[in-house]
Amino acid sequence: MTTFERIPVFLDPGHGGEHTGVVANNIVEKFYVATFANALYWVLHDTHWFRPHISRGGDENISLDDAGEIAEKCSAKFALAIHVNANDDPRVSGMMTFYMSGDEIGSGVAAEMQRNAPPGLTRTSDSPIMGLQSAWPRVYNVLLPYRKREIPAVLIELGFATNEKNALMLNAPLVRQQLLGTIIRGLEHLKYVYGE
Ligand SMILES: [Zn+2]
């Protein structure tokens with residue numbers, strides 16, 4: 001390879017349309033992740049390392065399997081599903097990353113993201129590893145369409161909208177910038193995997 005080819009990366013902001021996702025503390029997940037993914041799209045575009053694709057530009061709902069199909073059509077080498085978390089217990093907080101067991105690339109990207117989580121959004125526990133018999137069906141279902149197509153993938157939950165402090169952070173422009181940096185650091189792992 002004499003010239004470097006941009007790595008195609010697929011971004012899938014969750015929900016959309018009638019599926020709002022979590023609504024709490026001034027965050028509506030479907031809008032939040034769409035705006036975030038759009039910002040991420042342009043940051044990735046400007047790195048010249050990545051060729052970003054995005055599942056939805058507006059407020060439509062793309063089914064999980066359709067997202068997988070679009071990712072395949074744009075020859076994605078990696079897929080990132082972007083969500084905001086919720087929990088009945090408002091004390092639960094922090095950024096989380098998930099990947100399927102056996103997905104070494106996803107595992108590498110997730111580890112880099114965790115290492116570079118914004119201060120105040122780090123979690124003390126390690127990210128759960130999604131096995132094929134996962135006890136986390138919601139996460140499992142998001143990652144499955146990529147697994148079926150052998151596309152390495154990570155689901156990132158940026159923080160808990162149900163936690164007041166996390167919600168304030170997610171809405172702060174500085175933290176949003178930091179989260180974009182967190183994701184770039186993670187995706188840079190792909191350079192070592194797919195680069196020359
Ligand atoms: Zn979600």
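**Exercise 1. Find which residue of β8 stands opposite M96, and describe the pairing.**

Solution. M96 stands opposite E157 in β8. The model is predicted: local features need pLDDT of at least 70, side-chain atom pairs count only at pLDDT 80 or more, and totals for chains, interfaces and linings use all residues. Residues are numbered from 1 along each chain as its sequence is written.

Step 1. Strands here are DSSP runs of E with at least two residues, helices are runs of H or I with at least four, and both are numbered from the N terminus.

Step 2. Strand β8 covers residues 153–160, and three bridges join it to β6. Two strands pair if DSSP finds at least two bridges between them. The two strands run antiparallel.

**Exercise 2. State how well β6 is covered, and which way its residues point.**

Solution. Step 1. A residue is buried if 20 or more other C-beta atoms lie within 10 Å of its own, exposed if 12 or fewer, and partly exposed in between; C-beta atoms are placed from the backbone.

Step 2. Strand β6 spans residues 96–100, and five of its five residues are buried.

Step 3. M96, F98 and M100 point one way. T97 and Y99 point the other way.

**Exercise 3. Check the span of α4, then place Y140.**

Solution. Step 1. The expected span of a helix is 1.5 Å times one less than its number of residues. For the 12 residues of α4 this gives 16 Å, and the end C-alpha atoms are 16 Å apart, so the two agree.

Step 2. Y140 lies in this helix, residues 137–148. Y140 is partly exposed because 18 other C-beta atoms lie within 10 Å.

Step 3. Buried residues of α4 include V139, V142, L143 and Y146.

Step 4. Just after α4, E150 takes a positive phi of about 60°.

Step 5. From Y140 to G195 is 55 residues in sequence and 29 Å in space, C-alpha to C-alpha.

**Exercise 4. Describe the whole protein chain: its elements, its compactness and its contacts.**

Solution. Step 1. The chain has six helices and eight strands. Their order from the N terminus is β-β-β-α-β-α-β-β-α-β-α-β-α-α.

Step 2. The radius of gyration is taken over C-alpha atoms; the globule rule is 2.2 Å times the number of residues to the power 0.38. The chain has a radius of 16 Å, close to the rule's 16 Å for 196 residues, so it is as compact as a globular protein of that length.

Step 3. Of the 196 residues, 44% count as buried.

Step 4. Two residues are in contact if their C-beta atoms, placed from the backbone, lie within 7 Å. Among contacts between residues at least 6 apart in sequence, 79% join residues at least 24 apart.
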